[in-house]
Amino acid sequence: NNRELWHMKNRKRIVILLLVLLCIVYYLLFGSPLVDWRNAKLAEATQNIGTESITLEELVPFAWDAVYVFEEYTSKETIAETLGFFSVEINESWTESANWYYFVKGNRIVSNPETSSLGCYISLPNNREGRSVGSVHYGDNIRFAIKEGSNGRLFLEPVEDV
């Protein structure tokens with residue numbers, strides 16, 4: 001009787017351990033499902049912009065401290081150096097028009113949409129942080145004009161101060 005109970009407890013522990021290991025492997029291979037969910041929420045928000053201009057503070061539907069975009073062919077190491085930390089959420093862009101946006105909160109990436117999945121192109125001001133094409137910090141309140149390209153794609157461009 002005690003022996004059966006011992007075997008049941010060990011089986012339960014093994015199943016729990018295997019589930020934890022499976023979750024870790026999934027995270028290392030595919031990243032966080034929360035990041036994917038935020039990417040989808042941001043893409044949805046960009047599809048529903050109903051004004052002529054907007055700030056990222058108004059547009060982005062989750063908490064963030066800064067957003068960075070990097071030029072094509074930027075290595076994971078360079079991106080991590082600019083962000084100040086490494087994450088499995090960092091992707092290298094190996095195609096001509098594929099930029100990745102990294103929304104950061106603290107020392108973690110909370111969203112990392114690629115230009116084509118975002119549904120619009122956000123032209124971030126270049127402030128010379130590493131090799132990033134540009135970055136914006138929460139609270140900068142930079143107003144972006146919303147323009148539609150010839151292909152129907154939206155472009156968010158910083159409004160120049162007069």
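**Helix H3, the mixed sheet and three salt bridges**

Trainee: In which helix is the place of Leu 59?
Mentor: This is a predicted model. Leu 59 falls within residues 56-59. That run is helix H3.

Trainee: Is Leu 59 buried or exposed?
Mentor: Buried means under 20% relative accessible area. Leu 59 has 6%, so the residue counts as buried.

Trainee: Which residues does Leu 59 touch, leaving out those up to four places away in sequence?
Mentor: One partner is Ile 49, 10 residues apart from Leu 59 along the chain. Their C-alpha atoms are separated by 8.0 Å. The full set is Ala 45, Thr 46, Ile 49, Ile 54 and Leu 156.

Trainee: Leu 156 is on that list. Which residue is its bridge partner?
Mentor: Leu 156 lies in strand S8. Strand S5 is joined to S8 by three bridges, and the two run parallel. In one of the pairs, Tyr 121 has Phe 155 as its partner. For Leu 156, the partner is Ile 122.

Trainee: What is the strand order of the open sheet?
Mentor: S5 and S8 run parallel. S7 and S8 pair in the antiparallel sense. The pairing in this four-stranded sheet is therefore mixed, and the order is S1-S7-S8-S5.

Trainee: Which strands stand at the edges?
Mentor: An edge strand here has a single partner, so one of its sides is left without a neighbour in the sheet. That applies to S1 (53-55) and S5 (120-122).

Trainee: By how many degrees are neighbouring strands of this sheet turned against each other?
Mentor: The value is an average over neighbouring strands. Direction is ignored. The turn is 30 degrees.

Trainee: How many bridges pair S7 with S8?
Mentor: S7 spans residues 143-148, and S8 spans residues 154-158. One of the paired residues is Glu 148, whose partner in S8 is Leu 154. The antiparallel pairing of S7 and S8 has bridges numbering five.

Trainee: Which residue in the hairpin of S7 and S8 takes a positive phi?
Mentor: Five residues lie between the two strands. One of the hairpin residues has phi near 85 degrees. That residue is Gly 152.

Trainee: Which salt bridge links S7 to S8?
Mentor: One residue of the pair is in strand S7 and the other in strand S8, 10 residues apart. Lys 147 is partly exposed at 43%, and Glu 157 is partly exposed at 30%. Their side chains meet at 3.2 Å, N to O, and the pair is Lys 147 and Glu 157.

Trainee: Which residue meets Arg 143 in a salt bridge?
Mentor: The N to O distance is 3.3 Å. Arg 143 is in strand S7, and its partner is in helix H3, 85 residues apart. Arg 143 itself counts as partly exposed at 33% relative accessibility. The partner is Glu 58.

Trainee: How many residues apart in sequence are Lys 105 and Asp 65?
Mentor: Their side chains form a salt bridge at 3.2 Å, N to O. Lys 105 lies in strand S3 (residues 101-105), while Asp 65 is in the loop between H3 and strand S2 (66-70). Relative accessible area is 31% for Lys 105 and 32% for Asp 65. The pair ties together parts whose separation in residues is 40.

Trainee: How many salt bridges does the structure hold?
Mentor: Arg 143 pairs with Glu 58. Lys 105 pairs with Asp 65, and Lys 147 with Glu 157. The structure holds a total of three.

Trainee: In which helix is the place of Val 20?
Mentor: Val 20 is partly exposed, at 43% relative accessibility. Val 20 belongs to a nonpolar surface patch with Ile 14, Ile 16, Leu 17, Leu 18, Leu 21 and Ile 24. Together the patch residues have about 650 Å² of accessible area. The helix, residues 2-30, is H1.

Trainee: What pattern does the protein follow along the sequence?
Mentor: There are five helices and eight strands. Read along the sequence, they give α-α-β-α-β-α-β-β-α-β-β-β-β.

Trainee: What share of the exposed area do carbon and sulfur atoms supply?
Mentor: Buried residues make up 38% of the 162 residues. The protein exposes about 10,200 Å². Carbon and sulfur supply 55%.

Conventions
Residues numbered from 1 in each chain as written. Predicted model: local features only at pLDDT ≥ 70, side-chain atom pairs only at ≥ 80, totals over all residues. Heavy atoms only, no water. Patch = residues over 30% accessible without salt bridge, like charges linked within 9 Å, V, L, I, M, F, W, Y side chains within 5 Å. Areas by Shrake-Rupley, 256 points an atom, 1.4 Å probe, with all protein chains shown as cover. Salt bridge = Lys/Arg side-chain N within 4 Å of Asp/Glu carboxyl O. Buried < 20%, exposed > 50% of the residue type's maximum accessible area, 1.4 Å probe, protein only. Pairing = 2+ DSSP bridges. Axes fitted to C-alpha atoms, helices over the stretch in contact; angles between N-to-C directions. Contact = heavy atoms within 4.5 Å.
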